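I am opening a new page for this model and want to keep a record of what I looked up, element by element and then chain by chain.

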Amino acid sequence: MSALGGLAMAVLLLVPAGAGLLLVGLADYRRGARLNVGAALASFVAALLLIGARPEANLYLRVDDFNIYLIVLNNLVSFTTSVFSASYIAHELETGKLTPAYLRFYHATYQALLFAMNLALLANNIGLLWVAIELATLITVLMVGLYRTPAALEAAWKYFILGSLGIALALFGTILVYLAAQPVMGQGLPAMAWDRLQAHAGQFDPALLNLAFVFLLLGYGTKAGLAPLHAWLPDAHAEGPTPISAVLSGLLLNVALYAVLRFKMLMSANPAALAPGPLMVGLGLLSLLFAGLMLYRRGDIKRLFAYSSIEHMGIITFAFGMGGPLANFAGLLHMTMHSLTKSAIFFAVGHISQVKGTQRISTIRGLTASHPLLGWGLIAGVIAIAGMPPFGVFMSEFLVVSSTFARQPLLALPLVLGLLLAFGTLLWRVHGLAFGVPDNAPAAPVQASVWPMLTHLGLVLLAGIWLPGPLVAWFHHVAVLLG
Amino acid sequence: MLLTLLLVLLLVLLAAGGYGTVAPARPQGSRYLYSVSLAVCTVLLLLALAHLLSGREPLHLSLPLGLPWLGLHLRLDALSAFFLVVVNLGGAVASLFGLGYGAHEREPERVLPFYPAFLAGMNLVLLADDAFAFLFAWEFMSISSWALVMAHHREPANLRAGYLYLVMACFGTLALLLAFGLLAGVDGGYGFAAMRASQTPPALAALVLVLALLGAGSKAGLVPLHVWLPLAHPAAPSHVSALMSGVMTKVAVYGFIRIVFDLLGGESAVWWWGGLVLAAGGVTAVLGVLYALMQHDLKRLLAYHTVENIGIIFIGLGLALAFQANLMYFNAALALTAALFHVLNHSLFKSLLFLGAGAVLTATGERDMERLGGLIHRMPHTALAFLIGSAAISALPPLNGFVSEWMTFQAILNSPELPQWLLKFLVPAVGALLALSAALAAACFVKAFGITFLGRPRSPAAADAGETDRFSLSAMFVLAGLCLLAGVLPGLVVDGLGPVVGLLNGGARLTDQYHQPWLTLVPVGPLKSSYNGLLVMLFMAVSGVAAALLIHRFASSAVRRGPAWDCGFPDASPATQYTAGSFAQPIRRVFGSLVFQARERVTMPPPGDLRPARLEVELHDPVWERAYAPIAAAVIAVSTRANVLQYLTIRRYLSLVFGALVVLLLGMALWR
Amino acid sequence: MALIDYLVQGGQMLLVLMLAPLLTGWVRWVKARLLRRRGPSPLQPYRDLVKLSRKEVVLADSASWLFRVAPYLIFAALWVAASLVPTFAGGLPFSWTADLIAIVALLGTARFFLALAGLDVGTSFGGIGSSREMMIASLAEPAMLMMVFTLSLLAGTTELSAVARFMLTADVGLRVSLALALLALVIVAIAENARIPVDNPATHLELTMVHEAMVLEYSGRHLALIELSSSLKLVLYLSLVACIFAPWGMASAGAGSAAYGYAAVIYVAKLALGGVLLALFESSIAKMRVFRVDQFLGAALMLGLLGALLLFVSRSL
Amino acid sequence: MHSLEFDIAHFLAGGMVVLSFLLLYQDRVYALLNVFALHSLVLALAVGWQAYIQEAHHLYVTAGIALVFKAIVIPMALRRIVRRLGIHRTLEVVGGVGRDMLAGAALVALAIMVMLPVTVGADALAREDLAFALAVLLLGLLLMVNRHNAISLVIGFMSLENGLVLAAAGARGMPLAVEISVAFSVLIALIVIGVFLFRIRERFDSVDMQAMDSFRESRLK
């Protein structure tokens, strides 16, 4: 049982790492893409195995109710994105935006990123977590700069600087947590292991924990794209290859938020510590309102949805900040739904920008008429992300808003205002994109696969109607721990 | 068992929606789809009617869907059964109309998938018995109808309409969501049963009322939340317009009734709740009809009229709340019956009128009344049906619109017993508003029918129009017949509403009407007031026919055709007729300057100059200009300023992080 | 219900129908006298009606079936409305068929079809008439309804017979609200019957017409019916004023044939008096511009509302 | 008990803060690099001292890394970059050095105010170290924020990391994994920055970030 789990865990880490190394040396980009898909599929299967067979926790790695669903989600989206990217990247090669050498580099970094994210999620050690997230940051910097255009380089540079700063702050917070744990648990590795920290968190020095949380929130919050730490996010999404935008929005933001939540669990396990809620509520609301306003003036379709990611990170952070079983459940659900939906949207956006040869919103019109599948897919994605039924985001927004209003009516008002604002501004942009008289530009043939997008939307639709029992049980369990 | 059957029928509708994605490619696909919708709606209608009339206990059903720890709860009680009747009656008739009308659709792939989904969404709202299912269905209904509004997306005006619609729908849903949040409480008791059982503190209950008014009101079209309605309803294909105006607004009314009368419970009502709803209803009624009078677009005129009628319904509901707050349950029953009766009536005649407008649209391609005219010659049957609808909505006896307004008046007349001073002033004022809106509605429909169907054609399209198809005609005549039936046999409808009113009113309901002599409607008591539509119709028919027979028999029956009196100016062109604009001009002068800041400018060329004189009319929409335009301007201004943040240097972004860190550290330092 | 009651009901219906042209003729005669003209005989309207009904109808080319049906509908609605107003005897067997609000609405039905008929031929005069008629009605009808409110609040009922009975009792007293309501009703009656100062029934200039402009295209038997309907409407309003504000001498149900005869005479006298007062009023005042009419009727609406408000407020005192 | 040990640790950590101030004060690129080398040297000493008094031998490795990489290799590499790219030798300071100094003093005060009450439970050594580490961190941030030049941005960032290492060293028994990761990350950071600087060199005439920004804004606006 646990042997199988151990094997699965090893696969999750070793397959991407190995595939990444292999891909560096693989010259043929077609085989590279196939290997990429295959490795991602293997990781996904391993992640599914982990559901049934959880390995014993050790000082470095661990699988529990919290990370299991994120691991599955992570590898699922990585897999679908690799399928998407296989066809997407080929088109980039045809149009001459990339050379085969860069493609080799791209596939290698893709697997490396998958490794880093799996490591971050599996880590049972706050140091290891930090290392993994740092690694993921560095890899994504390279991926964002892939196109080598001035804009791409500049976006990568911005991402790199802000990301490094975030990482530095997070490290300081990590050290502070260790310092808080060390008097209670003694020196050495156990004082950095999640499960032990969690068990002893009640005896830690609350003041030190508070300070640590400030640094961790800002540090990992930068990676999660919370305003005012978000500046790297829109450009990195807009200038990198679209599969990377999908992975960034769908997965990396979740991983960063996961780290914040892990530390929030410590905070809530310590009764004397400052409740982290107000901080998270404040940052969440700020992100939501700010992103809502910024959506209105966007001219670039990928930047538009990048701001939408900021908005949703804001909602999720807000939900966890509110705390309580309902809001925490909603936050966890929203994390899942957002990553599925947003990556689906980016799949659609990727196709659209390839078909239309532009990312400028003002030059794209009437997609539902010219490309019905893409247009309606985008519409479905936007409706889903806006929290409308029959999609899953509706459920989480339902829980967040209603539970908040019952407890803190004054907090719910800005929340509702922000949701409405963001919806109005997002819809304003998308409406013109999807409807109206299509322009007569010759439509390039779409070769990319639409199945990843449809799969994600299907899953989100399913979740809106019915949630599987084990997932609910995990969420409930984690929601209690999150306080 | 019954509920399972209903649910299966809804699934059939959803499946039909799935078929709708491939139906446009098949030769008879559209026919099949509308036939299925028609059949399902008819069965649903009959089942709901049977349940309503049998007076059985509410049925429950729960399924392991939706919120995992809550499940999906469905309930069929008298209230939902009544609204199911309304919805599926409209749905069946619209589907019947669609059998013929659908053939004219240019882009059926944008209508067929969403049409059955829209019907299913509305039905599900009525069956939902927990907040999640309710809002789920509510939003589903909004989205599917939005997709239908966007069916003719190539016109820029429709783009705007759809956008505004969805944003307002989102606003409404959020308001309802907040209301349910309050009702559910901190522990999240989202089931309606739990909400009924729990006592909401008075302050929170008042908040729930306001939120319900905002949420349901924005969907129903209460002023000032109505702005989307006259844009969105006409933008959809006509049978969908009929559904949106005639039926979906009723679902919104249902939402309000469910939350306020059922979940909050009338016993927790405070008198000013009634006052608030009354005032909103009164203002809505008058403003709605005034807006309608200023319109020249036939479908938009009808949509504004929906706003007016929603106002009338809310007047009834407000009265009922005020009575309930003062424990005057009998009067509350009267007001509630009036409101629910009007719900039914409006769904009948508004659907009829929109279908008529749709028939005109397909026959002429025109919605602008200034380019219509004389259609009574080319489309006699449509004209007759539209005339019946116009008379009914103008509250003319012996048709149904009059009965519900009459009952609303009766409820108002019973209100001097209300002890609160504010209500004493408010109720007669609202009565005057109601009377005013009824009179203006008649004026409006003289205009709508007169300019569209009477006179001489104002454009070649109107001159060449032909009668519409049999399906469309039969749909319209079914509704016209029902308008007449509900008008002459109101007692039966009132009896049918009895269980609904009892459910919402602590058991108190009007006395049974069916045993009254001659099927007279005696809501309060024989000494107070009574009305018999049947006899009025008989008397009118007898005297009219008798007069005709007598005159034709004993006097003359000769007829000669000749040109109209030209006042010495031969060959008057159709342009010399009164137009919609000129018809409304006196009323615009009387009310428009007050409400719309109407200005007329006449540019008269000097003598000898051959240029035509010009008359320019400038109207301002007070609601849009005072409420919506400033909000939009503020959002644009703020986002333009915030947009600077997209173009900062990296150094400044770092400063932001730095600033956030310093602020938080300072907070930590000072907090202790 | 005794046979006599049905007979009385039928008698009243016929009475108003018979009296209607006479009243119109009577008002014209009195007006002529007041203007120092001899004037036609009060019986002239009967002759006109007979003559008109024998003439052929000239229909405009663009007239539709609605144009031909409307006169009968209008007549039917008005006759039904008029026969529901108690004239000389209260407690009519069919008085419960429609109360005061329904009578107002029946008048509305007639107006609705008349206005449509005005638009049917497609000339500008018909349009002018319809448009102005509806504008006037849009203020007159609410004013009338407010008057109804006042009454029914006082009497506790909207049944006309019951209202009349109540007005005879001593409970009424002298009330401000009643005076306001009377004033409102009179203004509405003047407006609705196309009388000076709102409209001029005798004008020959199309642009100043309201009612006459609408029926400009009618001829022959149709015009006869329309004329008869207008007369019926005048009788109806005068009967209404008489029945509500001067119910004296009205026979109650089952009072016996002598009492009925006596009451009928009194009723005719009331109508005659009303006609004289109307003629007096019309002769002593000038016609208003169309766009002052709204102020005139707005005043009526305000009066009606004030009356109702006073009652609402004073109920609990 | 450990008064001498404490004093030396205190002196070295305090020295880093002073050097951070000096970094803030510089307006020439080479001087900045020199001061940074000194900064790293003091860091190496401080870490080494901690290794000695904590008897944690792995910290010597950290000290060695700091000495070799940060005090010697990186400043030399940056010096070469400056020479090869022909970067202006003078640094533009936003708002003037005086204001920076004041702000820096306030930040140090803030660091002490935040840190001292928090670590009552920990021993005095850790407290001092942490407070100074936080101060170095904040001053490094200030340096990043208040210079237009990419080199000073890099230097600011690395002095910030020096503060982190100081904090890590002050935390008793912090496992080796962390130090290695720090060194590792710094290494990678340098490589990537180098890559970037070269790429940017290929397309731009300067690494001045303002030039990049204005380029970008002209494209987007």
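Entry 1, a helix of chain A. The model is a predicted one, and I began in it with helix α10 of chain A, residues 242–269, whose 28 residues reach 40 Å from the first C-alpha to the last, close to the 40 Å expected at 1.5 Å a residue. I then looked for bends along the helix and noted a kink of about 40° in α10(A), centred on A:L248. I also checked how far α10(A) is covered, and found that 26 of its 28 residues are buried.

Entry 2, chain C by itself. I counted eleven helices and one strand in chain C, and reading along the sequence I wrote the order down as α-α-β-α-α-α-α-α-α-α-α-α. The radius of gyration of chain C is 19 Å, close to the 20 Å that the globule rule gives for 317 residues, so I noted chain C as being as compact as a globular protein of that length. Along the principal axes, the C-alpha atoms of chain C fill a box of roughly 60 × 45 × 45 Å. Buried residues account for 64% of the 317 residues in chain C. When I took the contacts in chain C between residues at least 6 apart in sequence, 82% of them joined residues at least 24 apart.

Entry 3, the neighbours of chain C. Which chains share the most contacts? Of the four pairs of chains in contact, I found that chains B and C do. Chain A and chain C, by contrast, are joined by no contact, and their closest C-alpha atoms lie 39 Å apart. Chain C does not touch chain D either, the nearest C-alpha atoms of the two being 56 Å apart.

Entry 4, where chain C meets chain B. I recorded 78 residues from chain C and 73 residues from chain B in this contact. On the side of chain C that touches chain B, the elements that each supply at least two residues include α2 (44–54), β1 (57–60), α3 (65–83) and α5 (124–155). The largest share of that side, 17 residues, comes from α5(C). By residue type, I wrote down 45 nonpolar, 19 polar and 14 charged residues for the side of chain C that touches chain B.

Entry 5, a strand pairing across the two chains. I followed β1(C) to its partner and found that strand β3 of chain B, residues 559–562, pairs with β1(C) in the parallel sense over four bridges. Within β1(C), I noted C:L59 as the bridge partner of B:R561.

How values were computed
Residues numbered from 1 in each chain as written. Chains lettered and ligands numbered in written order. Predicted model: local features only at pLDDT ≥ 70, side-chain atom pairs only at ≥ 80, totals over all residues. Rg over C-alpha atoms; globule rule 2.2 N^0.38 Å. Buried ≥ 20, exposed ≤ 12 C-beta atoms within 10 Å, placed from the backbone. Contact = placed C-beta atoms within 7 Å. Expected span 1.5 Å × (residues − 1). Bend = angle between axes of the 7 residues up to and from the residue. Nonpolar A, V, L, I, M, F, W, Y, C, P; charged D, E, K, R; others polar. Pairing = 2+ DSSP bridges.
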